[in-house]
Structures are given as C-alpha cells and as structure tokens.
Amino acid sequence: MDITNRTVFIAGATSGIGLELARRFAAAGSTVIVGGRRTGLLDQVRAEGLAAVPIDVTDQGSVDRARDTILDSHPGLDTVVTMSGVMIPEDLRDGAHFSTAEQTIDTNLLGTIRVIDAFTPHLIARGSGTIITVSSGIGFLPFPVMPTYAASKAGVHAYSEALRAQLDGTGVEVSELVPPAVALTPEHRQHNPRALDLAEFATEVMDLLRANPTPHEILVKGVLMHRWAERDGTYDELVAQRSQALAMLPSRHG
Ligand SMILES: NC(=O)c1ccc[n+]([C@@H]2O[C@H](COP(=O)([O-])OP(=O)(O)OC[C@H]3O[C@@H](n4cnc5c(N)ncnc54)[C@H](OP(=O)(O)O)[C@@H]3O)[C@@H](O)[C@H]2O)c1
C-alpha cells in the first residue's frame, strides 16, 4: 500500500504499537485518527497534531459514535486498523479467570469484529481501502500463561482469512499484522529480553506495508518462528519451553 497518502483510523492507538504506527503513518504523509478510551492520552495525541476520537470497542454504541464522528470529519477514510487489545495472564485453576476470558474475547475478538462491521460498508461503497487486523505470534504458538489471549488472537487470524475471502472483488483488502513480543518499556525488555524494540519493529512493519499489493500477513522476521512452528516441526518443543512460564502463576506456588 502507499503509506504516504492514506487516511487511517487506528482503534487502540493511545499507547504502544498503535501509537507508534500512528506516528509512522503521519510522518510518511498520511492523515491519522487515533482511537482509544483514555481521554487524557487522546488529548496528548491531539497536541501532537493527530486527530483523535474516543472509542470503547466493547461498546457497540461507542463504536457507532466513533464511526459517525470519523466519517463526518474524514469522509476519505480508506484504512482501518483494529489494534485494540488486552493481554492478561489467567490461572485456569482459579475459576475467577472467567471474567478475564470474557473481557479478552469482548475486546480482542468481538471488538475487532465491531470495528470492522462499523467501517466495512463505507469502504465497500468507496470501492477501495485496507483493513489491517492485529493478531499475535501467540495466536499461532500459544503462550500457556495467556490461554484466552491466544484463543482470541487465533480467532482474529481465522476471521481475517474469512473476511478477506468475503471482501474479494470489492476493492477492500485485508492484511493481518502478526506482532511477536514487542517491548513497550525498558521494564518489558527486562522481563522478556527477546522482545523486539518498538521503534525497530515499527520500521520493519512500515517497510512490509509498503509492498504492493499489501501482503496478506505482515510478518516481521522476529515472528517467523511462531508463525511457522507447526509447519517447521518445532511446535511441541516450543510450547513445552513456553510452558515453563506457568511457574509464575499463583496456584503453582506452594
Ligand atoms: N506488545 C506486544 O508484545 C504484542 C505482541 C503481539 C500482539 N500485540 C497486540 O498489539 C496490540 C497493541 O498492544 P500493545 O502491546 O501496543 O499494548 P497497549 O499499549 O496496551 O495498547 C493497547 C491499545 O488498545 C486499546 N484498548 C484496550 N482496550 C480497549 C477498548 N475496550 N476499546 C478501545 N481501545 C482499547 C488501548 O487504549 P485505551 O486503554 O486508551 O482504550 C491501547 O491503545 C494489541 O492488540 C496486542 O494484543 C502486542
């Protein structure tokens, strides 16, 4: 895609990967609208010169209001990124995990679907556009500490594939961003020394997005081992390795 002249809405760009990609799209020449719940951060983003709208992707009314506001102010919107997500550990031996499971599916999977549903009629009507969904390496290679997170992201992958097939011929393309672990803060890096640097990750993502046609999957080098573990025969060994982190769950302590 041509990243220099797009009008891009990123739901879930008040922080982290979304905010970094918002800045990269803007720096490349595109118009960017940032979405999220934290109004203080939306104000900071506005102060940087980006547009911002409040949105809670778990609330259908909020999604519809955000859609109406954005299409009113930016009728040329041609790119929608469904970045909103939560990533919460769950101890499946503790029944209280179910509320985390609900929140995770409501945000990561149903939230993605709500945002796509809200904007797809507009994109189909204009006959061109790009939907960028956001899954995770964990959707392809589970991290057992976060079971519902893994399930939600595997769901986003499957949904993206079906959406692409359903939109074939409309001019609307679907691309799935599959991030590996990305360190948002120095503390994240300490916690997971293999996590990618956010700036380096974003540079690689923008380079991949520039390809024409836009790739079906945006796979930085650091995610290939997750994405292709099953094909490469490394899946069982890697899941066993990643299961060692289960020791951090409260029910495993004496
Ligand atoms: N960092 C990683 O290692 C990694 C790896 C793979 C995939 N990902 C995915 O990348 C995406 C961004 O995550 P991040 O790592 O950059 O974390 P982050 O800084 O916590 O960003 C999450 C974003 O989602 C938004 N969000 C959460 N719940 C929302 C809701 N109900 N409605 C609207 N927006 C909501 C947050 O905004 P508000 O709180 O302001 O609403 C925030 O802007 C997520 O989908 C995550 O699963 C991250």
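## Pockets, a cavity and a ligand site in a predicted model

The second largest pocket is lined by 14 residues, and those nearest its centre are Arg164, Val172, Glu173, Val174 and His216. Two elements, α5 (147-167) and β6 (172-177), give two or more residues to this lining. Strand β6 gives the most, with four residues. By character, the lining of the second largest pocket divides into five nonpolar, six polar and three charged residues. The volume of this pocket is about 150 Å³. The structure is a predicted model, and the values in this report should be read with that in mind.

**The enclosed space**

Empty space of another kind can also be sought in the model. Rolling a probe the size of a water molecule over the atoms shows where empty space is left. How many cavities of 30 Å³ or more does a search of the whole structure find? The search finds one. The largest cavity holds about 50 Å³ of space. Its lining consists of Ile10, Leu21, Phe25, Val81, Met83, Ile132, Leu177, Val205, Leu209 and Ile218. Helices α1 and α7 each supply at least two residues of that lining. In the lining of the largest cavity, 10 residues are nonpolar, none is polar and none is charged.

**The ligand and its surroundings**

The ligand is surrounded by 27 residues, and the closest are Thr14, Ser15, Ile17, Arg37 and Tyr149. The residues of this shell divide into 12 nonpolar, 11 polar and four charged. Three side chains have polar atoms whose distances to atoms of the ligand are listed below.

| Residue | Ligand atom | Distance |
|---|---|---|
| Arg37 | oxygen | 2.7 Å |
| Ser84 | nitrogen | 3.0 Å |
| Lys153 | oxygen | 2.9 Å |

Taken alone, the ligand exposes 860 Å², and the protein buries 90% of that area. The elements that give two or more residues to the shell around the ligand are α1 (16-28) and α5. Helix α5 is also one of the elements that give two or more residues to the lining of the second largest pocket, while helix α1 also supplies at least two residues of the lining of the largest cavity.

**Two buried residues**

Ala22 is found in helix α1. Is Ala22 buried or exposed? Ala22 counts as buried because its relative accessible area is 0%, and the cut-off for a buried residue is under 20%. In sequence, Ala22 and Ile10 are 12 residues apart, and in space their C-alpha atoms are 7.1 Å apart. Ile10 is among the residues that line the largest cavity.

Thr79 has its place in strand β4 (residues 79-82). Thr79 is likewise classed as buried because its relative accessible area is 0%. A polar contact of 3.0 Å joins the side chain of Thr79 to that of Asp78.

**A cis peptide bond**

Which residues does a cis peptide bond join? The bond lies between Asn212 and Pro213, with omega at about -5 degrees. Pro213 belongs to the loop between α7 (198-209) and β9 (217-218). Helix α7, on one side of this loop, also contributes to the lining of the largest cavity, with at least two residues.

Key:
Residues numbered from 1 in each chain as written. Predicted model: local features only at pLDDT ≥ 70, side-chain atom pairs only at ≥ 80, totals over all residues. Heavy atoms only, no water. 1 Å grid on protein atoms, 1.4 Å probe; cavity = no way out; pocket = protein on both sides within 12 Å on 5 of 7 lines; lining within 4 Å. Points joined across faces, edges and corners; volume = space filled by probe spheres on them. Nonpolar A, V, L, I, M, F, W, Y, C, P; charged D, E, K, R; others polar. Near = heavy atom within 4 Å. Polar contact = N/O pair within 3.5 Å; in protein donor to acceptor, adjacent residues only side chain to side chain. Areas by Shrake-Rupley, 256 points an atom, 1.4 Å probe, with all protein chains shown as cover. Buried < 20%, exposed > 50% of the residue type's maximum accessible area, 1.4 Å probe, protein only.
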